[in-house]
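Work through the exercises below with the sequence and the model side by side, and try each task before reading its solution.

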Amino acid sequence: MIYLKLFLVFLQVGLFSVGGGYAAIPLIQAQVVDQYSWLSMNEFTDLLTIAEMTPGPIAINSATFVGIRIAGIGGALVATLGFLTPSLIIVSVLAYVYARYKALEGFRKALGRLRPVVVALIASAGISILRQVAFGTESISFTNADGISLLLFAAAFFVLRKFKSNPIAVMFCCGLGSLFFDTFIKMC
Amino acid sequence: MIQPSKKIIWKLFVTMLYISAFTFGGGFVIITFMKRKFVDEFHWINEEEMLEMTALAQTAPGAIAVNAAILVGSKMAGIPGILAAVLGTAIPPFVILSVISLFYSLFITNPYIALVLKGMQAGVAAVILNVVCDLGSTVIKDHNRLNIILMAGAFVLTVFFNVNAILLIAVALIIGIASALFSNNKKHPDKKEVSK
């Protein structure tokens with residue numbers, strides 16, 4: 001049954017998304033796109049784009065939206081619940097333990113090794129998305145490259161690094177840029 | 001034990017609902033607004049507690065904003081507090097994205113929207129890789145050799161060898177627990193005793 005499977009998948013995602021919402025992204029991709037092929041990379045990237053543009057924590061947005069696209073409102077409920085459950089249990093326990101034993105430093109040391117790995121995982125997800133953007137489902141080659149998209153990516157990346165601009169504004173401009181370039185090319 | 005007041009539970013719910021519905025930019029921004037409300041405005045917790053909660057929220061798995069909501073809810077009103085805070089956080093995305101999903105099938109077929117979305121995809125890639133650069137430079141600036149090796153190693157393994165993400169996380173956890181236990185038994189030679 002899809003609902004049970006969705007729940008278990010997002011339970012797993014929620015359990016291993018350590019270090020912030022973005023950590024959930026490579027995990028969702030690994031399950032939903034690579035493992036079960038419930039969504040194509042293109043669909044996944046679209047969902048991620050929308051999850052980024054909407055208010056709320058990105059991990060919750062992603063879980064909810066992916067759930068809806070796969071199995072409607074029921075899917076959204078089940079995916080979100082699955083994702084929340086590890087947090088609910090673990091954080092509640094941690095709150096209690098921490099209040100009693102103030103063992104935070106020990107936890108932090110133990111989990112300190114996770115952050116570098118998570119950074120690498122998020123980088124990997126980012127690269128997958130970039131690959132999707134530049135080449136779609138085609139193989140990587142000079143002729144298959146979507147020049148406009150790569151240009152937009154480069155510009156967006158530069159602006160974000162250099163000016164620390166608002167990510168949503170940058171994404172929005174990229175969207176407009178895409179429209180602009182397409183119209184411009186059609187005119188030539 | 002004092003019965004948590006219904007008023008507090010309701011306030012928890014409404015506050016998180018409001019923050020989650022109007023905060024763009026992800027977990028940390030939400031935590032910033034949580035601080036403004038719970039520390040500065042309501043005086044439910046003090047700043048030090050908020051910092052500790054943030055650290056704890058980051059340490060635990062799941063979305064930071066949700067974890068922080070659980071911690072505040074737990075402190076203020078126990079289990080009902082947790083439920084109120086989490087529901088408040090999760091409902092806005094649920095509603096908003098359901099609505100978007102309704103129209104998604106409609107507007108995804110529109111060629112203009114498709115173009116805009118394609119452009120935004122390039123933007124998302126940039127946003128994510130930008131976050132990666134920020135996080136990565138923090139790791140590098142720490143000058144912790146093991147961490148840098150872990151980061152580079154994990155990167156190579158996942159990008160070029162498709163190693164399972166969860167496997168990498170599990171290994172990192174084991175290394176972490178091992179190194180934490182190890183450093184507890186070992187004396188730190190460069191830690192100097194500060195005499196008071």
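The exercises that follow concern a predicted model, and each task is followed by a solution in steps.

**Exercise 1. Describe the secondary structure of chain A and say what share of its residues is buried.**

Begin by counting the elements: chain A has eight helices and zero strands, so that read from the N terminus its order is α-α-α-α-α-α-α-α. Next, turn to the outline, where the C-alpha atoms of chain A fill a box of roughly 70 × 45 × 30 Å along the principal axes. Finally, consider burial and contacts: of the 188 residues in chain A, 53% are buried, and among its contacts with a separation of 6 or more, 54% join residues 24 or more positions apart.

**Exercise 2. Characterise the interface of chain B and chain A, and find which helix of chain B gives the most residues to it.**

First take the extent of the contact, to which chain B brings 85 residues and chain A brings 89 residues. The area buried between the two chains is about 7,800 Å², and carbon and sulfur atoms give 76% of that area. Then look at the polar side of the interface, where there are two salt bridges and 17 residue pairs in polar contact, counted with both residues at pLDDT 80 or more. On chain B, helices H1, H3, H4, H5, H6 and H7 each supply at least two residues of the side that touches chain A, and H5(B) gives the most, with 25 residues. Sorted by class, this side of chain B holds 56 nonpolar, 26 polar and three charged residues.

**Exercise 3. Locate the salt bridge of A:Arg161 and compare its setting with that of the salt bridge between B:Glu41 and B:Lys37.**

Over all chains, the whole structure has six salt bridges. In one of them A:Arg161 pairs with B:Asp134, with the closest N and O atoms 3.0 Å apart. This pair crosses between chains, running from helix H7 (residues 147-163) of chain A to helix H5 of chain B. A:Arg161 is partly exposed at 28% relative accessibility, and B:Asp134 is partly exposed at 34%.

For the second pair, the closest N and O atoms of B:Glu41 and B:Lys37 are 3.4 Å apart. Both residues lie in helix H2 (residues 27-41) of chain B, four residues apart, which is about one turn of the helix. B:Glu41 is partly exposed at 46%, and B:Lys37 is partly exposed at 23%.

**Exercise 4. Explain why A:Cys174 and B:Cys133 form no disulfide.**

Start from the search of the whole structure, which finds zero disulfides over all chains. The cut-off needed here is 2.5 Å between cysteine sulfur atoms. The closest cysteine sulfur to that of A:Cys174 belongs to A:Cys173 and is 7.2 Å away, so the distance is too far for a bond. For B:Cys133 the closest cysteine sulfur is in A:Cys174, at 16 Å, and therefore this too is too far for a bond.

**Exercise 5. Is A:Thr54 buried or exposed, and what surrounds it?**

To place the residue, note that A:Thr54 is in the loop between helix H3 (41-53) and helix H4 (58-101) of chain A. Its relative accessibility is 8%, so A:Thr54 counts as buried. The side chain of A:Thr54 has a polar atom 3.0 Å from the backbone oxygen of A:Ile50, and this side chain also reaches the backbone oxygen of A:Ala51 at 3.2 Å. Apart from neighbours within four places in sequence, A:Thr54 is in contact with A:Asn61, B:Phe24, B:Ile96, B:Leu97 and B:Ile100.

Key. Residues are numbered from 1 along each chain as its sequence is written. Chains are lettered from A and ligands numbered from 1 in the order in which they are written. Side-chain values use heavy atoms; hydrogens and water are left out. Contact means heavy atoms within 4.5 Å. Buried area is the accessible area (1.4 Å probe) that two parts lose on being put together, summed over both. A salt bridge is a side-chain nitrogen of Lys or Arg within 4 Å of a carboxyl oxygen of Asp or Glu. A polar contact is a pair of N or O atoms within 3.5 Å; within protein, one must be able to donate a hydrogen and the other to accept it, and residues adjacent in sequence count only if both atoms are side-chain atoms. Ala, Val, Leu, Ile, Met, Phe, Trp, Tyr, Cys and Pro count as nonpolar, Asp, Glu, Lys and Arg as charged, and the others, Gly among them, as polar. Buried means under 20% relative accessible area, exposed over 50%, partly exposed in between (1.4 Å probe, protein chains only).
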